[in-house]
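Let's take a walk through a protein together. Have the picture open and turn it around as you read.

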Amino acid sequence: MKRTLVIGSTGTVGHAIVEELAKAKVPVRAALRNPATARFPAGVETVRFDFADHSTFEPALAGIEQLFLMAPSSADPHALVHPFLEAAAKPGRKIVLMTAMGVEYSDGSMRNIELALERSGATYVILRPNWFMDNFHTIWADPIRQSGVIPLPAANAQTSFINSQD
């Protein structure tokens, strides 16, 4: 069975992926800055990983045939992710990259990550999720309570929401 690396394993989506893979008995390696703080089901392998520390790339990728990569939040995610993509994009390895809805219409940093992956020659899937309903009880909770609105840059447009576990 193929071993999967999850980058972003402590985030809402990444953690759900690790949990589902573990439940399905798929060998999974969760990458995080401090493996000692990991809270994953039994059988989940952990590995130290940091985009800013290139020495963590090869140990994280060793024996990995497929990986999930969530574009990190930073001022310039492309600069952070590009060196890792160069190490990860190898023949025979499948990469699932999650960016954001609408990045295909911009020339921003997340789109540049997608383009780098597309040009890499690797087998890939790009996911561009829309709004996460999980945010209703986290980052949107206070603005909703205080002003009665959902603070989205969507004006009066209709939009849909998904659950991070989807």
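We'll begin with the whole chain, then head inside, and finish at a loop. Keep in mind that this is a predicted model.

What is the chain built from? Five helices and eight strands. If you trace them along the sequence, you get the pattern β-α-β-β-α-β-α-β-α-β-β-α-β. How does all that pack together? The radius of gyration is 17 Å, close to the 15 Å that the globule rule gives for 166 residues, so the chain is as compact as a globular protein of that length. If you'd like to picture a box around it, the C-alpha atoms fill one of roughly 50 × 35 × 25 Å, taken along the principal axes.

Contacts tell you something about how the chain folds back on itself. Take the contacts with a separation of 6 or more: 58% of them are made by residues 24 or more positions apart.

Now let's go inside. Of the 166 residues, 39% count as buried. The largest nonpolar core has 25 residues, and L5, L67, L69 and F84 are the members that touch the most others in it. Where do its residues come from? Two or more are given by each of strand 1 (4-7), helix 2 (57-61), strand 4 (66-70), helix 3 (77-88), strand 5 (94-98) and helix 4 (109-119). Helix 3 gives the most, with five residues.

Try zooming in on L5. Leaving aside residues up to four places away in sequence, L5 touches R29, A31, V47, A60, L61, I64, Q66, L67, F68 and F84. Two of the names in that list, L67 and F84, came up a moment ago among the core members that touch the most others. There is also a second, separate core, this one of 15 residues, and V6, V28, F68 and F132 are included in it.

Back out to the surface. The chain exposes about 9,400 Å², and carbon and sulfur atoms supply 53% of that area. As for charge, there are 15 positive and 16 negative side chains, and the centres of the two sets lie 6 Å apart.

One last stop: find K25, in the loop between helix 1 (12-23) and strand 2 (28-32). What is odd about its backbone? K25 has a positive phi of about 65°, although it is not a glycine. And is K25 buried or exposed? With a relative accessible area of 68%, K25 is over the 50% cut-off, so it counts as exposed.

Note on methods:
Residues numbered from 1 in each chain as written. Predicted model: local features only at pLDDT ≥ 70, side-chain atom pairs only at ≥ 80, totals over all residues. Heavy atoms only, no water. Core = buried A, V, L, I, M, F, W, Y, C linked by side-chain atoms within 4.5 Å. Buried < 20%, exposed > 50% of the residue type's maximum accessible area, 1.4 Å probe, protein only. Helix = DSSP H or I, 4+ residues; strand = E, 2+ residues; numbered from the N terminus. Contact = heavy atoms within 4.5 Å. Rg over C-alpha atoms; globule rule 2.2 N^0.38 Å. Areas by Shrake-Rupley, 256 points an atom, 1.4 Å probe, with all protein chains shown as cover. Lys, Arg positive; Asp, Glu negative; His and termini not counted. Charge placed at Lys NZ, Arg CZ, Asp CG, Glu CD.
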